[in-house]
Amino acid sequence: MDEIQRRAFMKGAAIGAIAFSVGGAEVMLTPRQAHAQNVPLRTLTPEQAATLGAMGEALVPGAKDAGVVNFVDQQLSIPAEQALLEARIMNVRPPYANFYRAALGAIEAASQTKFSKAFTALTPAEQHDFIDLMRQNKLDAWKGPGSPFVYFLLRTDAVDVVYGTMDGYAHLGVPYQPHIAPTQSW
Amino acid sequence: MANEKVDVVIVGAGASGSVYAAVLAKAGKKVVLLESGPDWQLGDLISSDFWGRRIKPAGPPFLLEGKNPYGYVYQSGWGVGGAALHYFANFPRLMPNDFKVKSTYGKGLDWPIDYADIAPYWDKVADDVGVSGDAKAEEIWRPAGKPYPMPPMKTFPGGDAWKKGFEAVGLRLTPAAVGINSTEYKGRPACIYDGWCHVGCPIGALSNPLVTYLGDARKAGAEVRAHATVTRVLTSADGKRVTGVEYFDAKKEKQVQEASIVVLAAWSAQNPRLMLNSATDKHPNGLANASGLLGKYLTAHFSSGTSAMFDEDLQPYMGTIAAQYFSYDLYDKNAHKDKGAFGSTFMVAGSAQRYSALGGVANARVDLFGAELAAFMKRAARGYTRIGAFGEEMPAIDNRVELAGDKDEFGMPLGKITHGFNDDAVALFNANFDKGLEIAKATGAKEVWSNKGAMPTIHLMGGTIMGHNANDSVTDSYGTTHEIPNLWIAGPGIFPTSGAPNPTYTIFALSLRGAENLAKNWGAFAG
């Protein structure tokens, strides 16, 4: 078989988008599409979602529009054995929602202690300083899962939706070259 | 519910279980494999770091303790193919100096066999699954053997960029031996160098068990039962033989599968967990545990990674996740003695790069975020490459798996893995960063740095080590437990020491050696 034939022979077996609830129906969307369509959240509270969105964007520019909130929220709503989160790889004990709630709560509380403001209300410079301390385990008021680990996992979620997709590879100018392409670009 | 008795029940359908299934089914035995995860098909192996996480473990967790907790999920298996469904297919072998470490250096343990006992099986495996490489070139480090059935893989600038640096510091590289097709082999196509090996190769160019031993086993009549979670190995009233296993099926209903032979091939930590949970009045400390060593002497590898950024376009996305080149030039156990280190080092260069996920380019500078990360990603897209130096830790009895108080959904106690690296290993980890930077600086790269973070735990070996008798080990060199002749252990759990290379080639070889011995002497073991 030549290369094109080999790449094509699995075409049709591909799956890619994940199931979001829209108007009471299950629809298959990418996280970016879910974000653009303002798909209702399943697991995170509005406050948790706002913190995650702001943190994701500060960690990896473009993560908010790429749907980091919708991606994580949807993943927390499905059985752990189906999850595609990095938390699975990093030995976080299911249910993963417990970790995310604790992590996002710790970010919010530490931000209030250090700046007397929500993380979402910090200036970009304040957010940068906060994250720099967080990744080095130097936030005195931090209470929750280890802050370097939280930094690592949330950064990975943001990297996933920005750089781990076919769109992300295209943005970097490198070929994606799939054997079996994920549909809808991720 | 009881099922019809079979000749062999194998727990785990990964690398080692697949070999046993193929050999024994071809020998005419009725074989059943029980696999706790899904029955993956090639069409499930989507080229995506998101979707690649689906084939990683999702069963009951192991609890992780110790100075260097063993992070197991990334590198472990779940479902048919096991970890070999997503392995990198590096096929280095152990070296002659790995087998008598205790006798030679007074550290670690000895194997009850030598290099020459395994060598014919490395050659057989190469023919069975297809290995690409240059065996003659490797003879600068090891005894001669058969040529590999395929020539070396293509190389790309991301690997070639390191040749100058290695040469400058006096280290030799040879083409890496890999379990990937450089040409068509046995009806399987040649690799197309897309770099998606680590999420599973759906075209069969990479020798995952679905297209090698497990495929052979199925063709020979072996039955695979997916979503079958084994909780106990059952024994006769006198405790002298095993009679089968108890498991929960996909509907979570309890089943019993009787068999003349039980092969535990469920991974280095899961096998001891099962054997400890199968304790009876005749085996109060767990099956085959007269030595008290069941679950003990776990070992892990660690890697010291070094990065380099070039102005040139290295096409770092091209190739395979396996190495393009490897080196055993630092394999002497005392190669870094001047830095207080002990243990072998195995070096690899030229893996294809992905851009997200655990091993991705974004994690080459985990300290960067925001605009700095975005700028780095743009530079690294075409100019980034790295090498790895895998190190060996000596077995320590405190590195172990045992039963925890918490239980899983089937009422089986969770396993708890305790692991810490000793001073020799930490010194080796650090020494290899120094060597990596020395090499990288000599490449002429624009920027070089060490990927130094928490000391990683890679691969898991030991826990049911082989030895001479029931006083010093759990199994013999074939994997037969000393105390129960029809209970066998397969996989890296029987390694007394780990050496430094990736273990799967040796897992295949030892499993082939064990399975052929079992088939040849069936009556002596099956009764």
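**A tour of the predicted complex**

Start with chain B: its mean pLDDT (the predictor's confidence in each residue, from 0 to 100) is 97, and 100% of its residues reach 70 or more. This is a predicted model, in which local features need pLDDT of at least 70, side-chain atom pairs count only at pLDDT 80 or more, and totals for chains, interfaces and linings use all residues. Residues are numbered from 1 along each chain as its sequence is written, while chains are lettered from A and ligands numbered from 1 in the order in which they are written. For the complex, the predictor gives an ipTM of 0.94 and a pTM of 0.96.

Next, select residues 46-59 and 68-76 of chain A. These are helix 3 and helix 4 of chain A (helices are DSSP runs of H or I, at least four residues, numbered from the N terminus). Their axes, 9 Å apart, make an angle of about 130 degrees (lines fitted to C-alpha atoms over the stretch in contact; angles run from 0 to 180 degrees between N-to-C directions). Helix 3 and helix 4 of chain A are therefore oblique to each other (not under 35, over 145 or 65 to 115 degrees).

Now show the touching residues. A49(A), L52(A), G53(A) and G56(A) in helix 3 of chain A meet V68(A), V69(A), V72(A) and D73(A) in helix 4 of chain A (C-beta atoms, placed from the backbone, within 7 Å).

Finally, show both chains. Chain A puts 42 residues into the contact and chain B 41. On the side of chain A that touches chain B, helix 8 of chain A gives the most, with five residues.

Conventions
Helix = DSSP H or I, 4+ residues; strand = E, 2+ residues; numbered from the N terminus. Contact = placed C-beta atoms within 7 Å.
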